[in-house]
Amino acid sequence: MKNKATLEYQGKKYEFPVIEGSENELAIDIKTLRAQSGMITIDPGYKNTGSCESGITFLDGEKGILRYRGYSIEELAEKASFLEVAYLLIFGELPTKRELEKFHTDIVNESMVDEDMKKILDGFPKSAHPMGVLSSLTSALIAYNPKFVNVSSEEEMYGAIVRIVAKFPVLVSWTYRKQKGLPLDYGDDSLEYVENFIKMMFKKPNHDYQRNDTVIKAMNKLLILHADHEQNCSTSTVRIVGSSHAGLFASLSAGISALWGPLHGGANQAVLEMLQAIQEDGGDTKKYMAKAKDKNDPFRLMGFGHRVYKNFDPRARIIKKAADDVLDALGIDDPILNIAKGLEQEALEDPYFVDRKLYPNVDFYSGIIYRALGIPTEMFTVMFALGRLPGWIAQWREMRLNNEPIGRPRQVYVGATTREFVSIQDR
Ligand code: ACO
C-alpha cells in the first residue's frame, strides 16, 4: 500500500504513514517509532534519512536533475543574475523588477562593515586559511549587530537577511585582500552585486578597475550553480545550529566551517592541488587513477563522486562548458584543463568508477575557472561560501518559519556498562 508502511519485530507490527513529496519521492514517517516500539533507527551519515520537508531545492541524483524553487539550474545559470536567484531561493518567487531594485537598494544601504572588524582581521596572520577567517568574521559580525531577530516579524527577518547578504561579500573580499596585503576597501554602490564584489576583490590602490564582461558572467554563473543544494553537510549544519534558536549569523558561521572540509566544499581546492601535483609529477593520469582505485591508498580522485548524484552532476556539465568558454575568452591555455579532461575521460570508461557511479561533481572544473579569473587556490572554498550564502539563508529561514524542533539525534550506546569507580591509588 502506498500510504502506509508496516514494520514487524518479534511478532509485533507497527504502522507508519508514508508521505509523498511533490516530485513523488516517498518517505516513511517514523515520528512515532520510539513511542510505539521503544526502538530507534540508525543511519550514520544520514544516507536514508530525511531531516525535513523542504520547498526550496529539488534534486534527483539518479537522473541528474537540479531545480531551485522549480526552475532548472540550466535555465537559471543561463538567464538569471545571482541576486535574482538569491531572492528566489530565500523568498520563494522570482522578484519583479521593482522587488529586485528594492532588494539591491536595501543591500547597498547595509553594505558598511564596522571599521572595528578590521582590528579583528588584523589579529590573523597572513598565512591563516581564508575559510577560518571568514567563519570567524561572520561570527564576529554578531557583536556589531546584537539585536535578537524576532523571526515572527517579517520585517526583522528581512532586515537580518539583507544585512548579511550586504556585508558578506565585503568580508570575503577582505579575507583575500588581507592575504595579499592589499588595503581593505568597500564596494561601489553604483554597481550590480556581482560586479561590485569583483571590484572589491581585485581593485588595486594604484590602478583603475577594468570591467571585464567575461569575468562577471563567469562569476555570476558559478555563484548561481553553488547557491543551494538541499540538505548537504553545511546546510544541515546551518539548520541544526539554527534549530537551537542560535541566530542567523552564528548558524552561517558554523555552515562555513562545515563547508571547509575537503569532502565537501573544500574539494574545489583539493581538486586543483591534485591536478597541479599530477602535472608536476609528469602528467601521468593513469598513475593517479590506479592510486584512486587502490583500497590501501587513501588517495581519492577529488571532484569525483557524490552522496546524492549517481549520474552526472548537472552543475559539472555547465561548469565544464564554462571553463572552456572562459579560458577561450581570456586567451588562456591552461594545461591543467587538459589533465582534468583526461582524468574525466579515463574515469568515465573505467569499471571502478562506472560500477560505483562516480561522476565529476561541481568541484571538478570550478577551480580551473577560478584560477583563470586570478583567484588563488586557498580562496576557492570562500567563493563557494559566497555562492552558497542565499541557500543557507533560505534553509535557515524555512526551518525557523516551520518552527522545526531542535535537531537532536539519538545514538545506540556501545560503551562500557555500569562500573565501580576505582580510586587513583588503586589503579
Ligand atoms: N575516488 C575514488 N573512489 C571513490 C571516490 C573518489 N573520489 N568517491 C567514492 N569512491 C568509492 C569509495 O571508496 C567507495 O568504494 P567501495 O564501495 O569499494 O568501498 C564507493 O566509491 C562509495 O563511496 P562512499 O565514500 O561510500 O560514498 P559517500 O556518498 O559516502 O561519499 C563523497 C561521497 C564524500 C563525495 C566521495 O565520493 C568523495 O570523497 N569524493 C571526493 C571528494 C569530493 O569531490 N567531494 C565534493 C563533493 S561535492 C560537494 O560537497 C560540493
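Ala, Val, Leu, Ile, Met, Phe, Trp, Tyr, Cys and Pro count as nonpolar, Asp, Glu, Lys and Arg as charged, and the others, Gly among them, as polar. Keep these classes at hand for the exercises. The model is predicted.

**Exercise 1. Sort the lining of the second largest cavity by class.**

Step 1. List the lining. The residues are L121, F124, P125, K126, A128, P130, V133, T175, K178 and Q179.

Step 2. Pick out the nonpolar ones. L121, F124, P125, A128, P130 and V133 belong here. The nonpolar class has six residues.

Step 3. Pick out the charged ones. K126 and K178 belong here. The charged class has two residues.

Step 4. Take the rest. T175 and Q179 are polar, and the polar class has two residues.

Step 5. Place the lining on the helices. α6 (130-144) and α7 each supply at least two residues. α7 gives the most, with three.

Step 6. Add the volume. The second largest cavity holds about 50 Å³ of space.

**Exercise 2. Describe the largest cavity: its volume, its lining and the elements around it.**

Step 1. Start with the count. Three cavities of 30 Å³ or more are found in the structure.

Step 2. Give the volume. The largest cavity measures about 120 Å³.

Step 3. Go to the lining. It has 14 residues, and I107, S111, A166, Y193 and N196 lie nearest the centre.

Step 4. Name the elements. α4 (97-109), α7 (154-180) and α8 each give two or more residues to this lining. α8 gives the most, with four.

Step 5. Sort by class. Nine lining residues are nonpolar, four are polar and one is charged.

**Exercise 3. Characterise the second largest pocket.**

Step 1. State the space. About 300 Å³ lies in this pocket.

Step 2. Find the centre. Of the 15 lining residues, F202, Y209, Q210, N212 and V215 lie nearest to it.

Step 3. Find the helices. α8 (193-202) and α9 (213-225) each supply at least two residues of the lining.

Step 4. Sort by class. The lining of the second largest pocket has eight nonpolar, three polar and four charged residues.

**Exercise 4. Which residues come nearest the ligand, and which polar contacts are formed by L263, L301 and N361?**

Step 1. Look around the ligand. There are 22 residues around it, and R300, L301, G303, R307 and Y352 come nearest.

Step 2. Check the backbone. A backbone N or O atom of L263 lies 3.1 Å from a nitrogen atom of the ligand. For L301, a polar backbone atom is 2.7 Å from a ligand nitrogen atom.

Step 3. Check a side chain. An N or O atom in the side chain of N361 is 2.9 Å from an oxygen atom of the ligand.

Step 4. Apply the cut-off. A polar contact needs a pair of N or O atoms within 3.5 Å. The pairs of L263, L301 and N361 meet it.

**Exercise 5. Work out the strand order of the sheet, and explain why β1 and β3 stand at the edges.**

Step 1. Read the order. Three strands form an open sheet, β1-β2-β3, with antiparallel pairing.

Step 2. Find the edges. β1 (4-9) and β3 (26-28) each have a single partner strand, so one side of each lacks a neighbour in the sheet.

Step 3. Give the turn. Neighbouring strands are turned by 30 degrees against each other on average, direction ignored.

Step 4. Examine one pairing. β2 (residues 12-20) and β3 are joined by three bridges. I19 has A27 in β3 as its bridge partner.

Terms used. Residues numbered from 1 in each chain as written. Predicted model: local features only at pLDDT ≥ 70, side-chain atom pairs only at ≥ 80, totals over all residues. Heavy atoms only, no water. Pairing = 2+ DSSP bridges. Axes fitted to C-alpha atoms, helices over the stretch in contact; angles between N-to-C directions. 1 Å grid on protein atoms, 1.4 Å probe; cavity = no way out; pocket = protein on both sides within 12 Å on 5 of 7 lines; lining within 4 Å. Points joined across faces, edges and corners; volume = space filled by probe spheres on them. Near = heavy atom within 4 Å. Polar contact = N/O pair within 3.5 Å; in protein donor to acceptor, adjacent residues only side chain to side chain.
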